[in-house]
Amino acid sequence: MFQENLLNGSHILVTGGGSGLGYSMTRGFLALGAEVTIWGRRRAVLDEAAATLADETGGRIHTDAVDIRDPDAIEAAVDRIWAHKPLTGLVNNAAGNFIAPTESLSPRAFNAIASIVFHGTFMVTNACARRWLDAGDRASVVSILTTWVWTGSPFVVPSAMSKAGLDAMTKSLAVEWGPRGLRFNAIAPGPFPTKGAWDRLMPDTGEDLDQKSRDAIPMKRYGEHSELANLAAFLLADQVAYINGQTIAIDGGQHLNNAGSFAHLWDVTPDQWEQMRAAIETANKR
Ligand code: HXC
């Protein structure tokens, strides 16, 4: 759907790029001509991903094993990137999550999520931004959030709180650093199956629960990874440089499904609609 050289000349960092959605976005960016650096905690996973993607796309891809919970590791790794080639884009994708009743969470459990999603994402963003601001470079940041930033979500409260914080970061920095050439947007995906997320968010769910989950989405299906990669490439591209400070849902309409008072009317039969229409007409005549 894009011209093949859409991202030519760009250098994009994808945190958590060795697996899941980060991997799929990396593939999309490489196919559009970007040079991509991927970070993750496991070097073997990164190296295997890079080898496969370089083979598949012929693109230039670099890896670095970085735990974004560690500010010193972030600084050192960002220095290594800049020594090679400054970034033009950052995709904040690395995250952690698991479902649990909130009252069961220990301080360490809360921090297991917040230290990656909330603290880590901010520190990566700030480390890159300082270098862009010093050099007067233009750049685009896209953060992968969830639709819970608008609705909240039970049973994943540390994630919902942390991602909502990043939504605030996106809007705040779009205004603070927009005048200096940096733009900040975010994507709020609904369910896009990945092993990492499904193992922790839908553990041991049979086909029945999986079907129920799909039925609750207006489009009646999960998202395709390529659809998310397309949106991320779109937001990174210079051709849409006027988009700044937005969080865009890509969820088949899922987060709106229970909005209003009438979402349950899907099950009404044609006969019942006729009866209701007759009842309304009777009421109108009274
Ligand atoms: C309750 C739990 C728990 C659980 C861990 N803890 N799992 N508590 N229920 N299921 C507690 C532990 O008991 C411990 O506290 C503390 O959390 C830290 O546990 P560790 O095992 O040491 O955690 P850690 O090694 O830091 O790993 C946590 C993690 C891990 C980083 C989140 O699960 C992970 O590596 N995840 C991979 C990435 C991931 O999760 N991807 C999915 C993202 S999906 P105590 O007090 O006992 O020591 C996403 C959005 C999806 O973000 C949107 C879908 C619509």
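Trainee: Which residues in H3 meet which residues in H4?

Mentor: This is a predicted model, so read what follows as a prediction. Pro71, Ile74, Glu75, Val78 and Trp82 in H3 meet five residues in H4: Met123, Val124, Ala127, Cys128 and Arg131. By class, that contact has eight nonpolar, no polar and two charged residues.

Trainee: What makes Glu75 and Arg131 count as charged?

Mentor: Their residue types. Glu and Arg are on the charged list, together with Asp and Lys.

Trainee: Why are H3 and H4 called oblique to each other?

Mentor: Start with the value. Helix H3 (residues 71-84) and H4 pack at an angle of about 40°, and their axes are 10 Å apart. Roughly parallel needs an angle under 35 degrees, and roughly perpendicular needs 65 to 115. An angle of about 40° fits neither range. Therefore H3 and H4 are oblique. Their crossing is right-handed.

Trainee: Why are H4 and H6 called roughly parallel?

Mentor: H4 and helix H6 (residues 157-177) pack at about 15°. Their axes are 8 Å apart. The cut-off for roughly parallel is under 35 degrees. The angle is below that cut-off, so H4 and H6 are roughly parallel. H4 passes H6 in a right-handed crossing.

Trainee: Which residues in H4 and H6 meet?

Mentor: From H4, they include Phe110, Ile113, Val117, Phe118 and Leu133. From H6, they include Pro158, Lys163, Leu166, Met169 and Trp177. The H4 and H6 contact has 12 nonpolar, five polar and one charged residues.

Trainee: Why are H1 and H9 oblique to each other?

Mentor: Helix H1 (residues 20-31) and helix H9 (residues 225-236) cross at roughly 60°, and their axes come within 8 Å. Roughly perpendicular runs from 65 to 115 degrees. An angle of roughly 60° falls outside that range, and it is not under 35 degrees either. H1 and H9 are therefore oblique. H1 passes H9 in a right-handed crossing.

Trainee: Which residues bring H1 and H9 together?

Mentor: Among them, Leu21, Met25, Arg27 and Phe29 in H1 meet residues of H9 that include His225, Leu228, Ala229 and Ala233. This contact divides into seven nonpolar, five polar and one charged.

Trainee: What makes S3 and S7 the edge strands?

Mentor: Look at the order. Seven strands form an open sheet, S3-S2-S1-S4-S5-S6-S7, with parallel pairing. Strand S3 (61-65) and strand S7 (247-250) each pair on one side only, and that makes them the edges. Neighbouring strands are turned by 20° against each other on average, direction ignored.

Trainee: How do you know that S5 and S6 pair?

Mentor: Count the bridges. Pairing needs at least two. Six bridges join strand S5 (residues 139-144) to strand S6 (residues 182-189), so the two strands pair. They run parallel. Ala139 stands opposite Leu182 in S6.

Trainee: What does helix H2 touch on the sheet?

Mentor: Helix H2 (residues 43-57) touches strand S2 (35-40) and S3. Its direction makes about 175° with that of S3. An angle over 145 degrees counts as roughly antiparallel, so H2 and S3 earn that label.

Trainee: Which helix gives the most to the shell around the ligand?

Mentor: H4 does, with five residues. The shell holds 20 residues, and the closest are Ala95, Gly96, Ser106, Ala109 and Gly196. Helix H4 (107-135) and helix H7 (195-201) are the elements that give two or more. By class, the shell has 10 nonpolar, eight polar and two charged residues.

Note on methods: Residues numbered from 1 in each chain as written. Predicted model: local features only at pLDDT ≥ 70, side-chain atom pairs only at ≥ 80, totals over all residues. Near = placed C-beta within 6 Å. Helix = DSSP H or I, 4+ residues; strand = E, 2+ residues; numbered from the N terminus. Axes fitted to C-alpha atoms, helices over the stretch in contact; angles between N-to-C directions. Contact = placed C-beta atoms within 7 Å. Left-handed = near helix turned anticlockwise from the far one by under 90°.
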